[in-house]
Amino acid sequence: MVTALYPGSFDPVTRGHIDVAARAAALFDKVIVAVYASPSKNLLFTTEERVALFQDAVSNLPNVEVRQFQGLVVRSAQDMGAAVIVRGLRSGSDFEYEYEMAFMNRKLAPDVDMVSFMTSQEHMFVSSSLLKEVARLGGDITEMVTPRVASAVYEKFGIPAP
């Protein structure tokens, strides 16, 4: 049985994140979506909110579970019994960053491998940061996230959904 760890801050989860989780779930026996509890980012949602939003988004995928983590991703992968770390790639700059991280992770934990999924074309322009900016300015994000996530984002900004 192969377990994969899909780590990220997911603030908030987008349809692109869900796509990567679903594609990983089709390849691996178990996928653990690991929501990073303390990233060095300005977060809109608490860790508990991010976990709950992702759990709702993947509730139709029986071999996917969502939990939080802290510390080194490779150590968390080892602690959770994951042999693979899953990452999504949207652009060349994502590739360069992930390439460097893959080698560092390999140095730290040679028993944990990395698998990257190229984003589906319809999601390649969507990032959580950009999505939050669009919503904050009153733009329509409903096609980029689930209905529950859209409602939660607009509520955080105190504005009505378009």
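This passage describes the pockets, salt bridges and first helix of a predicted model.

The open space comes first. Rolling a probe the size of a water molecule over the atoms shows where empty space is left. The largest pocket has a volume of about 1,100 Å³. Its lining is made up of 40 residues. Pro7, Gly8, Ser9, Lys41 and Arg87 lie nearest the centre of this pocket. Six elements are named as giving two or more residues to the lining: strands E1 (3-8), E4 (84-89) and E5 (113-118), and helices H1 (15-27), H4 (92-108) and H5 (128-136). Helix H4 gives the most, with 7 residues. By residue type, the lining of the largest pocket divides into 18 nonpolar, 15 polar and 7 charged residues.

Enclosed space was also searched for. The structure holds 1 cavity of 30 Å³ or more. About 50 Å³ of space lies in the largest cavity. The residues lining this cavity are Ile85, Ala102, Asn105, Arg106, Val112, Asp113 and Met114. Helix H4 and strand E5 each give two or more residues to that lining. Helix H4 again gives the most to the cavity lining, here with 3 residues. The cavity lining holds 4 nonpolar residues, 1 polar residue and 2 charged residues.

Charged pairs were examined next. Side chains of opposite charge can pair when their charged atoms come close. The count comes to 9 salt bridges. One of them joins the side chains of Asp11 and Lys132, with an N to O distance of 2.8 Å. This pair links distant parts of the chain. Asp11 sits in the loop between E1 and H1, while Lys132 belongs to helix H5, and the two are 121 residues apart. Both Asp11 and Lys132 are buried.

Another salt bridge lies within helix H1. The side chains of Arg23 and Asp19 meet at 3.0 Å, N to O. These two residues are 4 residues apart in helix H1, so about one helical turn separates Arg23 from Asp19. The partners differ in exposure. Arg23 has a relative accessible area of 28% and is therefore partly exposed. Asp19 has a relative accessible area of 17%, so Asp19 is buried. The cut-off for a buried residue is under 20%.

A third salt bridge pairs Arg67 with Glu65, and their closest N and O atoms are 2.5 Å apart. Arg67 counts as partly exposed because its relative accessibility is 30%. Glu65 is also partly exposed, with a relative accessible area of 27%. Lys30 joins these two residues in a network of salt bridges.

Helix H1 was then checked for length and burial. At 1.5 Å a residue, the 13 residues of H1 should span 18 Å. The end C-alpha atoms of H1 are 19 Å apart, which agrees with the expected span. The buried residues of H1 are Gly16, His17, Ile18, Asp19, Val20, Ala21, Ala24 and Ala25.

The start of H1 shows a further contact. Thr14 is found in the loop between E1 and H1. A side-chain oxygen of Thr14 reaches to within 3.2 Å of the backbone nitrogen of Gly16. Thr14 counts as buried because its relative accessibility is 3%. Gly16, at the other end of this contact, is one of the buried residues of H1.

Conventions
Residues are numbered from 1 along each chain as its sequence is written. This is a predicted model: local features need pLDDT of at least 70, side-chain atom pairs count only at pLDDT 80 or more; totals for chains, interfaces and linings use all residues. Side-chain values use heavy atoms; hydrogens and water are left out. On a 1 Å grid over the protein atoms alone, a cavity is a set of points where a 1.4 Å probe fits but cannot get out, and a pocket is an open set with protein on both sides within 12 Å along at least five of seven lines; lining residues have an atom within 4 Å of a point. Grid points are joined across faces, edges and corners, and a volume is the space filled by probe spheres set on the points. Ala, Val, Leu, Ile, Met, Phe, Trp, Tyr, Cys and Pro count as nonpolar, Asp, Glu, Lys and Arg as charged, and the others, Gly among them, as polar. A salt bridge is a side-chain nitrogen of Lys or Arg within 4 Å of a carboxyl oxygen of Asp or Glu. Buried means under 20% relative accessible area, exposed over 50%, partly exposed in between (1.4 Å probe, protein chains only). The expected span of a helix is 1.5 Å times one less than its number of residues. A polar contact is a pair of N or O atoms within 3.5 Å; within protein, one must be able to donate a hydrogen and the other to accept it, and residues adjacent in sequence count only if both atoms are side-chain atoms.
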